[in-house]
Structures are given as structure tokens and as C-alpha cells.
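Biologist: I would like to learn how to read the strands and sheets of a model, moving from one helix and its neighbours to the chain as a whole. Could you take me through it step by step?

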Amino acid sequence: MNLQLFDTGSGQKRPFEPLVPGRVTMYVCGPTVYNYAHIGNARPPVVFDVLARLLRTRYDVTYVRNITDVDDKINRAAKEQCCDISVISSRYRDAYNEDMAALGVLPPDIEPHATDHIGPMCDMISDLIENGHAYAAEGHVLFDVASFDDYGALSGRDLRQMIAGARVEVAPYKKNPQDFVLWKPAADDEPGWESPWGRGRPGWHLECSAMIRKHLGEQIDIHGGGQDLVFPHHENERAQSMCAHGGRTFVNFWLHNGFLSMNATKMSKSLGNVLLVRDLVQSTPGEAIRLALLSAHYRQPLDWTDDTLVEASRKLDRLYGALGKADQALGEAVDAADQIPGPVLDALCDDLNTPKALAALFEIARELNRTDDADKQRVLAADLRAGGNLIGLLAQSSSEWFAANQAGDDAKAIEALIAERAAAKAAKDFATADRIRDDLAANGIRISDGPDGTTWQRTAVAKGAAS
């Protein structure tokens, strides 16, 4: 497997080799659990789930994705609901994991919680103070960015320009505007822990560094997250971790996924265009949502439109339809092949190119639809299963997919009408073909003609049906 990944730190695609032969350590920033996850929150776990699946085909992988369970927003919600922060964080942690599971995201090997790592965080702060990279002031402990010459290298920012261009009011206890909090005091009515610097709680950036050191060590292979985390979160993580460990490289590959927008507009509660995963899975198969999230290259922006899930469901109809045809012809469902199809594997090894990998799956499906040779059908169906499974798709049987996602329609009757329409078109009886199409549309069934045949799906409640 000649895997190439784009490293944000170097700004280029590089061949991936683990720091320790045969073993990969990967950390991805997880959720701050104070509310339900929206569709933009789902892109990183889906993307890095594919990467973890790919890496596991060759390496022993330890994948860590954290839970931030202490935060101003969590504190605010707990205060409003008159409960402990653990009530809020547990509720939304469980909801997050349920939602991600619905999208086919496998659980990480380790899911550390910030509140379980206060001791390791205090140890790291002590190391930074001892090494001259942090200072205590008025109950706070801050990282001294000027003490780290390489600050800004990950995000491509110049510290001198940042300081010169600072337009915010600087707290009197800070040496420099960019110095960030490692520990801050907690009010009497806020969650807090005892420390050498007084009762308080850790800064957000410190949490990830301490949990990485605890579970993966001082140096890791891959650190992932959304593009919005490059600065300041990952820049600050990098600075404090390197300074706590004598300047040693912290992360070998930094990977960041692009933003997700809604109809070319940034998602915003004020605009009312935030889509919650929890709501989407009530009306759309999680597998279709997953395919939609993988339809664009992970580093590129993904624009979510009204047709995104319709198109994703249609694509899955095509893939499952090809498998169903083969299952029927062979009289049995074919298991996934032991080897991943070369075009699918090559695409994913090229910086996780999921659009290219999906195109390879559809090419296999086309070949499967075209052949009546039983041996070829068996090989192609096994390849299609194996390639789909690596991406986290095609986990069901064809019959399960269509039964679950076209429930309430008489599927056999619809298929019979589509076959009748095809016969009418072949006989050049276009009036009959158009009438069948219009009758189906009137009953909320949209049909689509393509190179692989005709597919259908429900798009609306039939005329005259009860609402």
C-alpha cells in the first residue's frame, strides 16, 4: 500500500510511513458535548473513519477521538437546567455516538474524556513552567508564545505580525496578546478542580495535548480535525506539546477536512439552515448521508443542497441494484472478496480520494449489470462488496436496502410497471411509456433512466393520500 497523505504542516502530499514500523497512532479532535451534532460536525468522524479502515488493512492502529466534557457552553447549559455538567455531557455524548453509528462510523479504540485527565494536564503545565514556556499570573497559567520560535509554522502565520496586528484588549496578566490559557480560575458556582495554581479548570488546547501524551505518547503519526481547528487550536497544541517534550516533533502528519456549507451559505442558527444528524436519519438512511459526505474530496469544500441526499440515495440504489441482480442470478448473496479491488484501493491511497473510489465502485457495478456470466458475476459482486465495505458502504443485503428504504410501496408492482414502460419504449410506443412514467410520478415515485437501467425512489406523498 503506497499511501500518500496531504500534510498541512508541510503543505504537500507526502508518502506515509509510520514512526514505528507496523504501528500507527492517530488522534482526531472529537465533539464538545453540549448539543446535538449537525451535518458539518459529522464530516470529520466519517472522513477519518475511512482513513482508519484503510490503515487497518496494513497496520496495527490505535485511534483516539476525545470527548470535551467541560466547556463554557456545557457550564451554561448545566446552569440553565440546574444540573451537573456530567448530565449534559453524558446526554449529548451518547447522542453523538448514536448519530455517528447511524452513519456507519466505527467507535475509536479509545474515547478519553477531558474531565478524567485533570492530573495529566496539571503535570504538563508543570513541565511547561519548569521548561520556561509558561507562567502563572493572577490564578491563570499561560503559555508564553514568544518562548517558542516555531510558533505559527503549522498555520503559516508570523508571530511578530500577529502581535503587531492585535486589535483586542489584552488581559493585564498576559505578557503577549497571543499567550493562551493553560489553566484558568473557576468561580464558586462553576466546575473546578484543585491545582498548584488554585481551583480552576484547564484550557481547551491543553486538554488534547495531555490526552494524546497519556494514550499515544509524545509523538504521533496522524492528527486530524476540521480546517477550522488549524488555528488556533492545533497551532497551540503543537506549541505546548513540543515545548513540553524538549522540542521533539509532535505530529508527523496533520490532516484537515474542508468546510461544509448549505446551498453555498455557511451554516448558521440565525439563518435557520443547521441540519442535525439526529433529524436527518429519521427520514434518510444513514448510509446515504455517509455517501453524501464522501462525495467530495475531504480537503475540498462540500456544498450541501436540497438534492444532495436524493442523489446519494439514488447512487446507493444503483449499487445495491447491481448486487441484487447478481444475487438473484446466482441464487445466493456473495460475500466480500478478501482483497480490495485495485482501483478502489489506489484511489484511497491517493490522499483518501473518496470521489475516485466511489467512481471505481460504480464502474464495477456497471460491469456487473452488463454480464450474464456466473463466474464474472461472482467475482464482480465480491469486489463490489469489498470495495464498499472499506468505505463503510454496502453493509446490507440488496433486499434489506430496498425493503427498508422503499417501505410502503409495492416494489414488485413498481418494477413491473417499469418493465412494461421499457417494453413500450422498445416498441416505440412512447405514449404508453410516458403514461406509465406520469402515473408513477403522480403516486410519488420518481424514475431515473441511466446507462445501468432505470432506478426509482419515493419523492413525495401520493396524490389523495392522507397527510
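Modeller: Let us begin with a helix packed on strands: in this predicted model, helix α9 (residues 286-293) lies across β11 and β13, and runs at about 140° to β13.

Biologist: Which sheet holds β11 and β13, and what is the order of its strands?

Modeller: The general idea is that strands of a sheet pair through backbone hydrogen bonds, either parallel or antiparallel. Here the sheet is an open one of three strands, ordered β12-β11-β13, and its pairing is mixed. At its edges are β12 (265-266) and β13 (302-304), each of which pairs on one side only.

Biologist: How many bridges join β11 to β13, and do they run parallel or antiparallel?

Modeller: Strand β11 (residues 260-262) is joined to β13 by three bridges, and the two run parallel. To place this pairing on the residues, you can start from Met262, whose bridge partner in β13 is Trp304.

Biologist: Turning to strand β3, how many of its residues are buried?

Modeller: A residue is called buried when its relative accessible area is under 20%. In β3 (residues 23-28), five of the six residues are buried, so this strand is largely enclosed by the rest of the structure.

Biologist: Which strands pair with β3, and over how many bridges?

Modeller: Six bridges join β3 to strand β4 (residues 60-65), and these two run parallel; within this pairing, Thr25 has Thr62 of β4 as its bridge partner. With β9, β3 also pairs in the parallel sense, over three bridges, and there the bridge partner of Met26 is Ile222 of β9.

Biologist: Is strand β9 mostly covered or uncovered, and which strand do six bridges join to β9?

Modeller: Strand β9 (residues 220-226) is mostly covered, with seven of its seven residues buried. Six bridges join β9 to strand β10 (residues 251-257), again in parallel, and Gly224 has Leu255 of β10 as its bridge partner.

Biologist: What do the values for the whole chain add to this picture?

Modeller: The secondary structure comes to 16 helices and 15 strands, and buried residues make up 49% of the 467 residues. Among contacts with a separation of 6 or more, 75% are between residues 24 or more positions apart. The chain exposes about 21,200 Å², of which carbon and sulfur atoms supply 48%. As for charge, the mean positions of the 49 positive and 66 negative charges are 4 Å apart.

How values were computed
Residues are numbered from 1 along each chain as its sequence is written. This is a predicted model: local features need pLDDT of at least 70, side-chain atom pairs count only at pLDDT 80 or more; totals for chains, interfaces and linings use all residues. Side-chain values use heavy atoms; hydrogens and water are left out. Helices (H or I, at least four residues) and strands (E, at least two) are DSSP runs, numbered from the N terminus. Buried means under 20% relative accessible area, exposed over 50%, partly exposed in between (1.4 Å probe, protein chains only). Contact means heavy atoms within 4.5 Å. Accessible areas come from the Shrake-Rupley method with a 1.4 Å probe; for residues, only the protein chains shown count as cover. Lys and Arg count as positive and Asp and Glu as negative; His and the chain ends are not counted. The place of a charge is taken as NZ of Lys, CZ of Arg, CG of Asp or CD of Glu. Two strands pair if DSSP finds at least two bridges between them. Axes are lines fitted to C-alpha atoms, for helices over the stretch in contact, and angles run from 0 to 180 degrees between N-to-C directions.
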